[in-house]
Amino acid sequence: MAPLPIVLYNDPVLRAPAAAVESLTPELESFIADLFETMYEAHGVGLAAPQVGRSIRLFVMDADVMAEDEPDAPRFGKQVFINPKITAVGPAAVDFEEGCLSIPDLRESVRRPDQITVEYRDARFELRTDTFDGWVSRVIQHELDHLDGVLFVDRVGSFKRRLLQRKLDAIDQGQYVPDYPYVPRHG
Ligand SMILES: [Zn+2]
């Protein structure tokens, strides 16, 4: 296993709709292990395959650290989502600050449904349908967006987005470097 370099803002792979995963091969299982290692090394709670340059519909998540101050919050541990699809959303929408390993040093509040139901294949490629709330729902929606070429900064209002653009341009120009392995832009 080895941590993989993470691609940063404006890399075209982050804008491409990712391809469905056909089957779970030993190579893919090894890739999933690498994704987890990469995510933990970067102190992330979710990481999508396109963020390491592989345009397939798969992401990993371990959001338990976000529940540290909430003893009653559900803990899911390491989760793999393959070919995920949101099949239902709850009525409530909530604002919450998000960040992204592909957009270092930038956080912004994003409004999303609080509850989602997701159909996906798990780490054993078994088809599941589960409903998630709160933190975990938030991470899943953020990561699922990556599989459709959508970034959280696309979901903030146009006024805020203009304020963020200078920072985004600076990331694209290599002026912000994360403290985890990454793919240099224009390098
Ligand atoms: Zn992200």
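A salt bridge is a side-chain nitrogen of Lys or Arg within 4 Å of a carboxyl oxygen of Asp or Glu. The structure described here is a predicted model, and it holds 15 salt bridges.

**Salt bridges**

Side chains of opposite charge can pair when their charged atoms come close. One such pair is formed by Lys85 and Glu119, whose side chains meet with a distance of 3.7 Å from N to O. This pair links distant parts of the chain, since Lys85 belongs to strand β3 and Glu119 to strand β6 (residues 115–121), 34 residues apart. Because the distance of 3.7 Å falls within 4 Å, the contact qualifies as a salt bridge. Lys85 counts as partly exposed, at 46% relative accessibility, and Glu119 also counts as partly exposed, at 27%.

The table sets out this pair together with two others.

| Pair | N to O distance |
|---|---|
| Lys85 and Glu119 | 3.7 Å |
| Arg124 and Glu126 | 3.5 Å |
| Arg128 and Asp130 | 3.0 Å |

In the pair of Arg124 and Glu126, Arg124 is exposed, with a relative accessible area of 62%, whereas Glu126 counts as partly exposed at 40%. Arg128, which pairs with Asp130, counts as partly exposed at 36% relative accessibility. Elsewhere, salt bridges join several residues into a network, made up of Glu98, Arg112, Arg138, Asp145 and Arg155.

**The zinc site**

The zinc ion has three protein donors: Cys100 through SG, His142 through NE2 and His146 through NE2. These donors lie 2.0 to 2.2 Å from the ion. Along the chain, they follow the spacing C-x41-H-x3-H. His142 and His146 both lie in helix α2 (residues 134–147); because they are four residues apart in this helix, about one helical turn separates them.

Are the two histidines buried or exposed? His142 has a relative accessible area of 7% and is therefore buried. His146, with a relative accessible area of 1%, is buried as well. Both classifications follow because buried means under 20% relative accessible area.

**A negative surface patch**

Glu68, Asp69, Glu70 and Asp72 form a negative patch on the surface. One of these residues, Glu70, lies in the loop between β2 (58–61) and β3 (79–89). Glu70 counts as partly exposed, at 36% relative accessibility. The strand that follows this loop, β3, is the strand that holds Lys85 of the salt bridge with Glu119.

Methods:
Residues are numbered from 1 along each chain as its sequence is written. This is a predicted model: local features need pLDDT of at least 70, side-chain atom pairs count only at pLDDT 80 or more; totals for chains, interfaces and linings use all residues. Side-chain values use heavy atoms; hydrogens and water are left out. Donors are N, O and S atoms within 2.8 Å of the metal (3.2 Å for Na, K and Ca); water is not among the atoms, so sites may look incomplete. Helices (H or I, at least four residues) and strands (E, at least two) are DSSP runs, numbered from the N terminus. Buried means under 20% relative accessible area, exposed over 50%, partly exposed in between (1.4 Å probe, protein chains only). Patches are made of residues with over 30% relative accessible area and no salt bridge: like charges are joined within 9 Å, nonpolar side chains (Val, Leu, Ile, Met, Phe, Trp, Tyr) within 5 Å. Accessible areas come from the Shrake-Rupley method with a 1.4 Å probe; for residues, only the protein chains shown count as cover. Lys and Arg count as positive and Asp and Glu as negative; His and the chain ends are not counted. The place of a charge is taken as NZ of Lys, CZ of Arg, CG of Asp or CD of Glu.
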